[in-house]
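Colleague: I would love a close look at one helix pair and its surroundings. Could you walk me through what packs there, and then set it within the whole chain?

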Amino acid sequence: MGLNMDLPAGALRESGERLRLAEALASVAAGDKSAMKELYARTSPKLFGICLRVLGSEAEAEEALQETYVAAWRKAGAFDSGRASPITWLAIIARNKAIDRLRLRRPIAPDGLDSVAAIADDSPSAADALEQADEARRLSVCLETLDSVQSRAIRGAFLGGASYPELAAREGVPLGTMKSWVRRGLSRLKTCLES
Amino acid sequence: MTGEPDPGGEARDWLAAEYALGLLEGDLLAEARRRLSDDPDFRREVGEWTGRLAPLLDEVAPAAPPEDLWRRIAPRLAGAGGPAAAHAPAANDNLAPLQRKLALWRGYAAAATALAASLAFFLAVRPGEPPVPSAPTPVAPVPAAGSAPLVAMMESKDSPVRLVATYEPASRSLVVMPAAGLARAAGHSHQLWLIPAGGAPHPLGIVTPDTPLRLALSGALAPDATLAVSVEPTGGSPTGLPTGPVIASGKLVRT
């Protein structure tokens, strides 16, 4: 493999990058704009990727990314390094901002969903990201234990912003069936992650 | 503790999980938002579910935002610091030398022939040669073999697309600069892949015209790996493997 994984997975993120981002966030919380600029330089490709994935439109992803960093600037003081890594904290903000935008436009133009409609294959390679940390691997292992329709629905909702009716339409099943599939899937996921 | 849902209050039991997953609409969404603001247990439960699902975000391919986006964000930051602070020269950092090098390469790339020539040059001098004295870049003192930057010139006979990638082993940073031919296309993204020698492609990110894609990698890249760009649905391949045509590719070689 060209990827030399002799470092424990995620070690770099744990030690170097994570620490640097945590320090930058602490400076941001103190009102330091240059730290904010550094934070942007280090994290914007990751966060823009998330916005683009959820929204499927570059113009909207740009708006969501702006909202993400404005929110990060305001909320940096609430970041708790004991509870989440800085990049996870930022990624969640980006994902939520993107989902919020999706909700706003949904009644008018549900396009862009096509791009995430067919997560045809839940192969581990999809999750085989370079930054994969232990928790990511655990989640992907646990998702593998679900029926493929369940993991597809969970990914489609969390990463693609799909609602129950959209998920049901994609799979061609009644709404109630989709709800019970997702709930059973979440229940098994939780049990697996806690085991 | 919520284990299997009890049939009676099923919707209620799953409200936090479904809110975290983004499934709710209408009345249930309104109820979830209300409870989020005045029910600490509910808030904690939503937080737990978000934490469980957040690693999914690691699956998403990074994509370079437009170069000028920071300038649109800076004025929106409330509080301390005037416009001067917001527009101060980049306080960062270790990317600057790479940027300078890229600017230079971009100059080359203005003419495709020059790019092809430089590719040939890199390949020609590669096998076991000592540091190239006449290297056409001001790459400061040539570092020891293991830490020398790697370069990939990505191209294809069948497309006008050219990209230049540089990898700095010391910082494990990879910068990919579209040099020519890459056009924005509605409904498509151009996805960058790492293909280790004899291995399967790994998605690395989305490249956009005129914008360098900068990545901090957690693993080291080997000089025999190939970088390639394929045409994918907006946001990247949904399968984690290339699904569309490869429009440019090139091997990483030592500079």
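Modeller: Happy to, and I will start with the partner chain as a backdrop. Please keep in mind that this is a predicted model. Of the 255 residues in chain B, 49% are buried. Chain B has 8 helices and 9 strands, and its accessible surface is about 11,400 Å², with 59% of that belonging to carbon and sulfur atoms. When contacts in chain B between residues at least 6 apart in sequence are counted, 59% of them join residues at least 24 apart.

Chain A is built from 9 helices and 0 strands, so to speak a plain run of α elements from the N terminus on. Buried residues account for 55% of its 195 residues. Chain A exposes about 7,800 Å², and carbon and sulfur atoms supply 54% of that area. For contacts in chain A with a separation of 6 or more, 64% come from residues 24 or more positions apart.

Now to the part you asked about. Two packed helices are described by the angle between their axes and the distance between the axes. Here the pair is helix α7 (residues 148-158) and helix α8 (residues 164-171) of chain A, whose axes come within 10 Å and cross at roughly 140°. Because of that angle, α7(A) is oblique to α8(A); the cut-off for roughly antiparallel is over 145 degrees. The crossing of α7(A) past α8(A) is right-handed.

Which residues make the contact between α7(A) and α8(A)? From α7(A) come A:V149, A:R152, A:A153, A:G156 and A:A157, and from α8(A) come A:L167, A:R170 and A:E171. An α-helix has 3.6 residues a turn, so residues three or four places apart point the same way. That is a handy thought to hold against the α7(A) list, which includes A:V149, A:A153 and A:G156. Sorted by class, the contact of α7(A) with α8(A) has 4 nonpolar, 1 polar and 3 charged residues.

Staying with α8(A), its buried residues are A:Y164, A:E166, A:L167 and A:A168. A:L167 is thus buried and also takes part in the contact with α7(A). The cover over the buried residues of α8(A) includes α7 and α9 (175-194) of chain A, together with α2 (15-21) of chain B. Just after α8(A) comes A:G172, with a positive phi near 65°.

Helix α9 of chain A brings us to A:W181, which sits in that helix. A:W181 is partly exposed, at 23% relative accessibility, because buried means under 20%. Leaving aside neighbours within four places in sequence, A:W181 touches A:V149, A:Q150, A:E171 and A:V173. Among these, A:V149 and A:E171 also belong to the contact of α7(A) with α8(A). A:W181 and A:I154 are 27 residues apart in sequence and 9.9 Å apart in space, C-alpha to C-alpha.

For a contrast elsewhere in chain A, take A:T68 in helix α3 (residues 58-75). A:T68 is buried, since its relative accessible area is 0%. Beyond its neighbours within four places in sequence, A:T68 is in contact with A:L47, A:C51, A:L90, A:I93, A:A94 and A:K97.

Conventions:
Residues are numbered from 1 along each chain as its sequence is written. Chains are lettered from A and ligands numbered from 1 in the order in which they are written. This is a predicted model: local features need pLDDT of at least 70, side-chain atom pairs count only at pLDDT 80 or more; totals for chains, interfaces and linings use all residues. Side-chain values use heavy atoms; hydrogens and water are left out. Helices (H or I, at least four residues) and strands (E, at least two) are DSSP runs, numbered from the N terminus. Buried means under 20% relative accessible area, exposed over 50%, partly exposed in between (1.4 Å probe, protein chains only). Contact means heavy atoms within 4.5 Å. Axes are lines fitted to C-alpha atoms, for helices over the stretch in contact, and angles run from 0 to 180 degrees between N-to-C directions. Angles under 35 degrees count as roughly parallel, over 145 as roughly antiparallel, 65 to 115 as roughly perpendicular and the rest as oblique. A crossing is left-handed if the near helix is turned anticlockwise from the far one by less than a right angle, and right-handed if clockwise. Ala, Val, Leu, Ile, Met, Phe, Trp, Tyr, Cys and Pro count as nonpolar, Asp, Glu, Lys and Arg as charged, and the others, Gly among them, as polar. Accessible areas come from the Shrake-Rupley method with a 1.4 Å probe; for residues, only the protein chains shown count as cover.
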